[in-house]
Amino acid sequence: MDARGPEAPGGRALRDVAENLFQELQEHFQALTATLNLRMEEMGGRIEDLQKNVNDLMAQAGIDSPAQKHR
C-alpha cells in the first residue's frame with residue numbers, strides 16, 4: 001500500500017498532467033539556456049572584435065589606448 005494513503009479520484013491523472021507540464025517546462029528552460037549561452041558567446045566575440053578595431057583606430061590616430069598606458 002502507498003504510504004500517502006488512498007488517492008483521490010482523478011488524483012493520478014492530475015499528477016500525470018503536472019509531471020508532463022513540469023517536463024515541458026524543463027525542456028523549454030534548457031532550450032532557452034542553450035540559446036542564451038550561444039548568444040552570449042557571440043556577443044563576447046563581437047565585443048572582442050570591437051575592442052580590437054577601436055585599438056587599431058586609436059593606433060592609427062596616434063592615441064594611446066588605456067590598455068597600453070597600464071603596460
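These legends describe close-up views of a predicted protein model.

**View 1. The whole chain has two helices and zero strands.** The protein has 71 residues, and 3% of them count as buried. About 6700 Å² of the protein is exposed. Carbon and sulfur atoms supply 60% of that area.

**View 2. Helix 1 runs over residues 11–61.** How far apart should its ends be? The helix has 51 residues, and at 1.5 Å a residue they should span 75 Å. In the model, the end C-alpha atoms of helix 1 are 73 Å apart, so the span agrees with the expected value.

**View 3. D56 and K52 form a salt bridge.** The structure holds one such bridge. The closest N and O atoms of the pair are 3.0 Å apart. That meets the cut-off, because a salt bridge needs a Lys or Arg side-chain nitrogen within 4 Å of an Asp or Glu carboxyl oxygen. Both D56 and K52 lie in helix 1. They sit four residues apart, about one turn of the helix. An α-helix has 3.6 residues a turn, so residues three or four places apart point the same way.

**View 4. Is D56 of the salt bridge buried, partly exposed or exposed?** D56 has a relative accessible area of 34%. Buried means under 20% and exposed means over 50%, so D56 counts as partly exposed.

**View 5. G62 comes just after helix 1.** Here the backbone angle to look at is phi. G62 takes a positive phi, with a value of about 75 degrees.

Conventions. Residues are numbered from 1 along each chain as its sequence is written. This is a predicted model: local features need pLDDT of at least 70, side-chain atom pairs count only at pLDDT 80 or more; totals for chains, interfaces and linings use all residues. Side-chain values use heavy atoms; hydrogens and water are left out. Buried means under 20% relative accessible area, exposed over 50%, partly exposed in between (1.4 Å probe, protein chains only). Accessible areas come from the Shrake-Rupley method with a 1.4 Å probe; for residues, only the protein chains shown count as cover. The expected span of a helix is 1.5 Å times one less than its number of residues.
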